[in-house]
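Reader: Please take me slowly through one part of this model, and then show me how that part fits into what surrounds it.

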Amino acid sequence: MDSAEAFRFINSLFLQKTKKGLNQCEQDVILGIWEGKKYEEISEEKHRDTQYVKETGSKLFKKIRETLDIEVTKANFKPTIEQLWQEQQSVEPASCLSVEQASCLSVEQESCLSISHKQLITNPFLPLTGIVDDPELFFDRQPETREIFALFNSGSSVALIGERAIGKSSLLKAICREATTQLSSPRQPIYLNLQELENEDEFYTALCEEVGIPKCRGYPLKRELKQQRLLLAIDEVEKMTWDGFTREVRAQLRGLAEGTNAPLRLILAARDPLDSLFQDSHNLGMTSPLAGICHQVDLGSWEEATIRAFIASRLQFPRLKPLPQPVRFTEEEILHLIAASGGHPQKLMKLCYQSYQRQR
Ligand SMILES: Nc1ncnc2c1ncn2[C@@H]1O[C@H](COP(=O)(O)OP(=O)(O)O)[C@@H](O)[C@H]1O
Ligand SMILES: [Mg+2]
């Protein structure tokens, strides 16, 4: 894999996930680092300010970690991306596409690279990273789902808290899918990922677009939403601690979500509890607006019984390409997978993926 292929691969992952590709400076950084160059060399070659290139580099790695869930640093960048590329090669029909072909795809075609309903797959332990938005690939989380709908139906909003890659985004999507059948009084589900929005202005634009009302905020928004009943799932809420977001947006969300029959019922996903995220409110001697109305549900690792059920169901996955000899995991292997993953869904997925590849 050369530097241009590596860039096209990473860019296609961003396009799939956010519908936005990388910019020119990010491209220069990827190409340069891939070719073993220092930031100083990249900036000299591309006639860019060294400090700016360095900042772009560190922001880019953070973006890859947070948006694509790939644990990269400058040091492990090349082997990590190469390994991921090889893993993705085994997913069909993407495996039939060269990097050149993949790079020529439109955004719509790119999104087909993620597993669609009808494709047969050669390894059932997928996806390895990112949100699981294919219902067939989403596993379990029934206790949390029941708890969340019980809270919604009793008039509460929810803060879904859990470490990176534990499955928060995937569960938010599942909650939105199930809203039509599980809510005691109907609400239109809306999913917004703050990672894709720069500031609160974009947040209000996206919200109004999803609801289908003219763009507004403050009192006009309250008036527009009066007749609406929405279930608003906001992912990556930590972004609200960034500069582009003020306390007012959280206060407005609270105002719209207070009360059993309020226009909004909220579910917010974050890595840290809301009252520790939004310290500004403490400084002012007030409670955080959102923490006050959201009941915290902690999303943890899977228990042994769930891990076993997950492995068994994936080994019998209906869209699995038939093999002359079906793959089985021995009891010893399963015990190793349980211990090594600690029940963390993404770690388990990766370990199972590797075991399956070895045996195939
Ligand atoms: N319920 C689930 N079913 C299947 N895989 C899961 C599930 N939850 C998490 N995973 C695995 O973890 C990865 C990260 O999930 P994600 O929902 O993006 O986590 P988070 O939003 O907490 O960072 C997924 O790509 C998948 O490999
Ligand atoms: Mg997430």
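**Helix H12 and its surroundings**

Author: The buried residues of helix H12 are covered by elements that include strand S1 (157-161), helix H10 (200-211), helix H11 (218-225) and strand S4 (264-270); helices (H or I, at least four residues) and strands (E, at least two) are DSSP runs numbered from the N terminus, and a contact means C-beta atoms, placed from the backbone, within 7 Å. This is a predicted model, in which local features need pLDDT of at least 70 and side-chain atom pairs count only at pLDDT 80 or more, while totals for chains, interfaces and linings use all residues. Residues are numbered from 1 along each chain as its sequence is written, with chains lettered from A and ligands numbered from 1 in the order in which they are written.

H12 itself spans residues 247-257, and its buried residues are Val-249, Arg-250, Gln-252, Leu-253, Arg-254, Leu-256 and Ala-257 (buried: 20 or more other C-beta atoms within 10 Å; exposed: 12 or fewer; partly exposed: in between). After the helix comes Gly-259, which has a positive phi, near 105 degrees. H12 lies across S1 and S4, and its direction makes an angle of about 135 degrees with S4 (axes are fitted to C-alpha atoms, for helices over the stretch in contact, and angles between N-to-C directions run from 0 to 180 degrees).

The strands that H12 crosses belong to an open sheet of five strands, ordered S2-S3-S4-S1-S5 and paired in parallel (at least two DSSP bridges make a pair). At its edges stand strand S2 (188-193) and strand S5 (294-298), and each has a single partner strand, so one side of each lacks a neighbour in the sheet. From one strand to the next, the twist averages 20 degrees. S2 and S3 are joined in the parallel sense by six bridges, and Leu-192 stands opposite Ile-234 in S3. Another helix, H9, lies across S1, S2, S3 and S4, running at about 170 degrees to S3.

H12 also takes part in the largest nonpolar core, as the next lines of the picture show. This core has 39 residues, and Leu-160, Leu-266, Ile-267 and Leu-268 have the most contacts inside it (a core joins buried Ala, Val, Leu, Ile, Met, Phe, Trp, Tyr and Cys through C-beta atoms within 7 Å). Two or more of its residues come from each of helix H8 (142-153), S1, helix H9 (168-182), H10, strand S3 (230-235), H12, S4 and helix H13 (274-277). S4 gives the largest share, six residues. A second, separate core has 17 residues, among them Phe-7, Val-29, Ile-33 and Leu-60. Leaving aside residues up to four places away in sequence, Leu-160 touches Lys-168, Leu-171, Leu-172, Ile-267, Leu-268, Ala-269, Val-297 and Leu-299.

For another single residue, take Ile-338, which sits in helix H16 (residues 331-341). Ile-338 is partly exposed because 18 other C-beta atoms lie within 10 Å. Apart from residues up to four places away in sequence, Ile-338 touches Glu-304 and Ile-307, and its C-alpha atom is 9.4 Å from that of Trp-302, 36 residues away along the chain.

Finally, consider the whole chain, which has 17 helices and five strands. Of its 360 residues, 31% are buried, and among contacts with a separation of 6 or more, 70% join residues 24 or more positions apart.

Notes. Two residues are in contact if their C-beta atoms, placed from the backbone, lie within 7 Å.
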